[in-house]
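User: Could you take a close look at the aromatic rings in this one and walk me through how they sit together?

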Amino acid sequence: MQHVPGAFFGNHTFGELYDIAPQKLNDIRYLTELLCASATKAGATVCGTVSKQFEPQGVTVLVLLEESHASFHTYPEIGALFFDMFTCGDNCNSSDAFEFICSALDCSKHEIKTVKRGFQ
């Protein structure tokens, strides 16, 4: 794929995962490590993380990437995790990250959508 020099473009991927063990979805350390590892699998460079544990349950994890960002939002009460990854350029493959996450969470029910953004 050829791009106009200096043009801004990227891929924004949205994933939904279901039927996940609630204890995995409430483990902030595990989820932070998983999101960082998945970003690396996608070819991105992790710059930092921010996370929040909610009461009585649920976690949000944000990962700052050199290429943009990635996030998890979990809902242990329904066994669901929502994934978001935006990467600028075309050097990263967010579907690799998504497959890695699905495998790590032993998730068989999931959906993924990728939206092209910017001027290509």
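Analyst: Phe 83 is buried, at 2% relative accessible area, where buried means under 20%, exposed over 50% and partly exposed in between, using a 1.4 Å probe and protein chains only. Its ring partner is Phe 72, with the centres 6.2 Å apart and 55 degrees between the planes, a tilted pair. For the cut-offs: rings of Phe, Tyr and Trp (its six-membered ring) pair if their centres lie within 6.5 Å, and planes under 30 degrees apart count as stacked, over 60 as edge-to-face and the rest as tilted. Phe 72 is buried too, at 0%. This pair bridges strand S4 (residues 68-75), home of Phe 72, and strand S5, home of Phe 83, 11 residues apart; strands are DSSP runs of E, at least two residues, numbered from the N terminus.

Bear in mind that this is a predicted model: local features need pLDDT of at least 70, side-chain atom pairs count only at 80 or more, and totals for chains, interfaces and linings use all residues. Residues are numbered from 1 along each chain as its sequence is written, and side-chain values use heavy atoms, with hydrogens and water left out.

The count comes to 4 aromatic pairs. Tyr 18 and Phe 82 make an edge-to-face one, 6.2 Å centre to centre at 85 degrees. Tyr 18 is in strand S1 (residues 9-18) and Phe 82 in strand S5 (residues 80-88), 64 residues apart. Phe 82 is partly exposed, at 26%. Ring pairs also tie Tyr 18, Tyr 75 and Phe 82 into a cluster.

Charges join in as well: the charged end of Lys 109 sits over the Tyr 18 ring, 5.6 Å from its centre, and that of Arg 117 sits over the Phe 86 ring at 5.0 Å. "Over" takes NZ of Lys or CZ of Arg within 6 Å of the ring centre and within 35 degrees of the ring normal.

Notes:
Helices (H or I, at least four residues) and strands (E, at least two) are DSSP runs, numbered from the N terminus.
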